[in-house]
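Here are a few short exercises on empty space and ligand contacts, each with a worked solution. Have your viewer ready and try each task before reading on.

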Amino acid sequence: MDFKHIPVLYEEVIEGLAIQENGIYLDGTVGGGSHSLGIAQRLKGGRLLCLDQDREALRASQDRLKDYPNVSFFHTNYKDFQEVLRSEGIHGLDGILLDLGVSSHQFDEKDRGFSYRFNADLDMRMNSDQGKTAKDIVNTYSLEDLDTIFKKYGEERWSRRIAEFIVDQRKEKPIETTFDLVDLIKAAIPKEARRDKGHPGKKVFQALRIEVNNELGVLEESLEKMIQALNPGGRLAVISFHSLEDRIVKEAFNEAYKDCICPPGQPICTCNKKREIKKITRKPIVASPEEVEKNPRARSAKLRIAEKI
Ligand SMILES: C[S@@+](CC[C@H](N)C(=O)[O-])C[C@H]1O[C@@H](n2cnc3c(N)ncnc32)[C@H](O)[C@@H]1O
């Protein structure tokens, strides 16, 4: 299957990274490699390290970038990027890109369980080699936890009822497939409410995917380390698709932007905290109406960029 994914905010990312031709770059979420190709094309002597936890994505981008000798590929979670730097003997980066979430390709792969459009095992792991699946979650999490996940990560209004239906159902028989779950969601949401636009499973599927891949936890634990890993003048660009992700990026940038954090009124600074970044984007960059028209996925994208001082 061809790897289908239209990059989001492409020009804005490439311009925002202010690529130096001899710089060292890291794409933590290479996916189909469109952004990485743009970076590779602007490099002369530098290097580009491409990471993805999805083997298929990595294979596709490797093939796409095969003519660029200074690009290397690593099957790993971006939270472990420091191990990659260590193994490559790299001490600082001039730019890092994170384009979060899943690719359109992952949604279109029928057997991965990301989509409510195809009947498949309820999996949803980006890294098929490890971690719990969506099936594990729906069959083992408590009613409370399911309710919380659906509400928090999916903003699902009927979270409680859906969680109740799941817990009742699994007493009889485990929930195995995407269509098992879709049927339960449809049964749980009152008929009148189901006329709201969009597929009734959309929010719950999004919530489960975020939980399966610990998407928010991984982001939260990585940003500060990434800022630390930048050389002076190096840039970190993050595209998020969920309000909770954007909040994590915003707060990490705010934290790194703070100068002294001593209590107000303390006459002499004892914390020694220094501002670490300049904010290149005061407000997140969003896609133009033309881009959203061509690629509806871009609608919720927010790009924030920081530069290491
Ligand atoms: C939105 S796509 C990236 C698309 C890419 N920028 C392009 O131009 O094609 C996100 C990719 O990041 C990967 N991904 C998501 N979270 C990850 C993580 N924590 N570590 C490594 N890869 C991750 C997914 O497997 C997916 O391939």
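**Exercise 1: the ligand**

A backbone N or O atom of glycine 32 sits 3.0 Å from an oxygen atom of the ligand. This is a predicted model, in which local features need pLDDT of at least 70 and side-chain atom pairs count only at pLDDT 80 or more, while totals for chains, interfaces and linings use all residues. Residues are numbered from 1 along each chain as its sequence is written, and side-chain values use heavy atoms, with hydrogens and water left out.

Task: find polar contacts of the ligand with glycine 33 and glutamine 106.

Solution. Step 1: apply the cut-off, a pair of N or O atoms within 3.5 Å. Step 2: for glycine 33, a polar backbone atom is 3.2 Å from a ligand oxygen. Step 3: for glutamine 106, an N or O atom of the side chain lies 2.9 Å from an oxygen atom of the ligand. Step 4: widen the view to the 25 residues around the ligand (a heavy atom within 4 Å), of which His35, Asp52, Tyr78, Asp99 and Gln106 come nearest.

**Exercise 2: the enclosed space**

Task: describe the largest cavity by volume and lining.

Solution. Step 1: set the terms. On a 1 Å grid over the protein atoms alone, a cavity is a set of points where a 1.4 Å probe fits but cannot get out; a pocket is an open set with protein on both sides within 12 Å along at least five of seven lines; lining residues have an atom within 4 Å of a point. Volume is the space filled by probe spheres set on the points, which are joined across faces, edges and corners. Step 2: the volume of the largest cavity is about 390 Å³. Step 3: its lining has 31 residues, and Thr29, Asp52, Asp99, Leu100 and Gly101 are closest to the centre. Step 4: sort the lining into nine nonpolar (Ala, Val, Leu, Ile, Met, Phe, Trp, Tyr, Cys and Pro), six charged (Asp, Glu, Lys and Arg) and 16 polar residues (the others, Gly among them).

**Exercise 3: the open space**

Task: which helix gives the most to the lining of the largest pocket?

Solution. Step 1: the largest pocket holds about 1,300 Å³. Step 2: among its 39 lining residues, Tyr116, Lys202, Lys203, Gln206 and Ser300 lie nearest the centre. Step 3: helix 10 gives the most, six residues; helices here are DSSP runs (H or I, at least four residues), numbered from the N terminus. Step 4: by class, the lining has 15 nonpolar, ten polar and 14 charged residues.

Definitions and conventions: Polar contact = N/O pair within 3.5 Å; in protein donor to acceptor, adjacent residues only side chain to side chain. Helix = DSSP H or I, 4+ residues; strand = E, 2+ residues; numbered from the N terminus.
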